[in-house]
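This report walks through one structure, from its ligand site to its sheets and then to single residues. Keep the 3D view open while reading.

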Amino acid sequence: MRDPLTRKRYALIGAGHRASTFLHGLAVEHAGTAELVALADVNRTRMAAHNRRLSGLGADPVPEYPATDFLTMLDKESVDTVLVTTVDSTHDEYIVAALNAGRNVVTEKPMTTDPARCQRILDAVAATGGEVTVAFNYRYQPVFERLREIIAAGEIGEIGSVHFEWLLDTRHGADYFRRWHRDKANSGGLLVHKATHHFDLINWWLDSEPAEVYAQGRLFFYGPENAKLHGHDPAPFTLSLDEDPWLRELYQEARHEDGYRRDQDVFAPGVSIEDDLAVLARYHSGATLTYHLTAYSPWEGVRVMVNGSHGRLELEVVEADPGGQPHGSLWLRKFWQPPQQLPMSAEEGHSTADRRLCAALFGPAAEDPTGKRADHLAGARSLLTGFAANRSLVTGAPVRTTDLGVRL
Ligand SMILES: NC(=O)c1ccc[n+]([C@@H]2O[C@H](COP(=O)([O-])OP(=O)(O)OC[C@H]3O[C@@H](n4cnc5c(N)ncnc54)[C@H](O)[C@@H]3O)[C@@H](O)[C@H]2O)c1
């Protein structure tokens, strides 16, 4: 039963691809407890596409505002909470403006892209007492939550180290080099844009945060020169927006407004992010991390090893593999005991995580015993590793996170 008096009123800024998940969650799945009241973006065509999609789903279309009328929208539509799903480097602008206007915020990851912007957000939360939630959907993936439970229960004792390898394949991984992400000024590079997820999971599992970070990385595969150097035909990397009606509507037909190309050549000039990154970190708990992110892998997924004083956890999740279906395995290896394969939920993956995230954000209040809901401090802590690693790439030296100028 819908109750217009108690439903929280949400507006979304950044009506791009990711917005669809939240719009569906708000206007379709959780319409009994939440209400979508407006959209804002710099691009009107994209907002109109979302409204058409909402109508197709049986939901009412909502008013559209140019991004410059953000504050007007908050007042006129009596917005309680703003969802920020814009380009990463613009998150801070809307988070701070919403907080200063007395609203709460749910922001997509990464919370922001550099230490100065991060501090602005922390200062605004301190000044206003407002609430910022970072939408870390990986916390809502059952197997990652399971790791948190197993470690918190002390099953493998105190954690000595984590070895974490994330692979992005030549389909999804390549996409970062076609879109705005390819410019570090927009995304902070993959150590921020993508690895914020991974460093958040590690902080959450360890219940700690990074103290010192060293990194090496480079553009090895994409970008000008590399296709020739490695003998790759650019053809399989070409994306045709015309072949996907939603991508055509959202980007091809919206290009005349802002000139944005979502289908850039991954080997064209202008790439300022890395595609191969190695990080070594020490945590306040004493644990160490070895981390590798590869954005040009034949399959996509993760391998994690957690070494404890009483045993070890080994996780492999294959999210995408041209040779087969997504699958995974989780092993608990205690000293002197045979390895134990732990059951994994039949429902893993992005869509499950997103469904659980939307239920937690927009559904009725529910218990959260593992602490999946991430606030501005978790958002900032997840960024410390990437910020320090980015600085280390420039200086060639280890970086203490206390030297980043972010006061938690
Ligand atoms: N957690 C996840 O699984 C996940 C997945 C995809 C994207 N994301 C995050 O969602 C956000 C959006 O990514 P996307 O893939 O939808 O990108 P997108 O390019 O499809 O959408 C970005 C939108 O922001 C708008 N925009 C750009 N600059 C703006 C500004 N200054 N003011 C207002 N609007 C502006 C664009 O017009 C566009 O509509 C990013 O922060 C990204 O990291 C998270």
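A polar contact is a pair of N or O atoms within 3.5 Å. That cut-off admits the E108 pair, because a nitrogen atom of the ligand is 3.4 Å from an N or O atom in the side chain of E108. The model is predicted.

## Ligand site

Two more side chains reach the ligand through N or O atoms. The table sets them beside E108.

| Side chain | Ligand atom | Distance to an N or O atom of the side chain |
|---|---|---|
| Y251 | oxygen | 2.4 Å |
| D88 | oxygen | 2.5 Å |
| E108 | nitrogen | 3.4 Å |

Taken alone, the ligand exposes 850 Å². The protein buries 88% of that area.

How many residues surround the ligand? The shell holds 27 residues. R18, D41, D88, Y94 and Y251 are the closest. By class, the shell divides into nine nonpolar, 11 polar and seven charged residues.

Where does the ligand lie relative to domain 1 and domain 2? Domain 1 covers 8-136. Domain 2 is assembled from 138-222, 271-345 and 373-403. Both domains give residues to the shell, so the ligand lies between them.

## The nine-strand sheet

Nine strands form an open sheet with mixed pairing. Their order is 14-13-12-11-7-10-9-8-16. Strand 14 (340-342) and strand 16 (399-400) stand at the edges. Each has a single partner strand, so one side of each is left without a neighbour in the sheet.

Strand 12 deserves a closer look. It spans residues 311-320. Seven of its 10 residues are buried, so strand 12 is largely enclosed by the rest of the structure.

Strand 12 pairs with strand 11 (residues 300-308) in the antiparallel sense, over nine bridges. V304 stands opposite L315 of strand 12. Two residues separate strand 11 from strand 12, and the pair forms a hairpin.

Strand 13 (residues 327-334) also runs antiparallel to strand 12, joined to it by eight bridges. Here G311 stands opposite K334 of strand 13. Strand 12 and strand 13 form a hairpin too, with six residues between them.

D321 sits in the loop between strand 12 and strand 13. Is D321 buried or partly exposed? Its relative accessible area is 28%, so D321 counts as partly exposed. D321 and P298 are 23 residues apart in sequence, yet their C-alpha atoms are 7.3 Å apart in space.

Strand 13 continues the sheet to strand 14. The two pair in the antiparallel sense over three bridges. Q341 of strand 14 is the bridge partner of W331.

Strand 10 (residues 288-297) belongs to this sheet as well. It contains Y296. With a relative accessible area of 19%, Y296 is buried. The cut-off is under 20%. The C-alpha atoms of Y296 and F220 are separated by 9.1 Å, with these positions 76 residues apart along the chain counted as their spacing.

## The seven-strand sheet

A further open sheet has seven strands, in the order 3-2-1-4-5-6-15. Its pairing is mixed. Strand 3 (64-66) and strand 15 (374-375) are the edge strands, and each pairs on one side only.

Within this sheet, strand 1 (residues 8-13) and strand 2 (residues 34-41) pair in the parallel sense. Six bridges join them. R9 stands opposite E35 in strand 2.

## Two residues in helices

S187 is found in helix 8 (residues 184-187). Its relative accessibility is 1%, so S187 counts as buried. A polar atom of the S187 side chain lies 2.9 Å from the backbone oxygen of H181.

L247 lies in helix 12 (residues 245-252). Is L247 buried or exposed? L247 counts as buried, at 11% relative accessibility. L247 and L229 are 18 residues apart in sequence. In space, their C-alpha atoms are 31 Å apart.

Conventions:
Residues are numbered from 1 along each chain as its sequence is written. This is a predicted model: local features need pLDDT of at least 70, side-chain atom pairs count only at pLDDT 80 or more; totals for chains, interfaces and linings use all residues. Side-chain values use heavy atoms; hydrogens and water are left out. Buried means under 20% relative accessible area, exposed over 50%, partly exposed in between (1.4 Å probe, protein chains only). Helices (H or I, at least four residues) and strands (E, at least two) are DSSP runs, numbered from the N terminus. Two strands pair if DSSP finds at least two bridges between them. A residue is near a molecule or strand if one of its heavy atoms lies within 4 Å of it. A polar contact is a pair of N or O atoms within 3.5 Å; within protein, one must be able to donate a hydrogen and the other to accept it, and residues adjacent in sequence count only if both atoms are side-chain atoms. Accessible areas come from the Shrake-Rupley method with a 1.4 Å probe; for residues, only the protein chains shown count as cover. Ala, Val, Leu, Ile, Met, Phe, Trp, Tyr, Cys and Pro count as nonpolar, Asp, Glu, Lys and Arg as charged, and the others, Gly among them, as polar. Domain bounds come from an automatic or database domain assignment.
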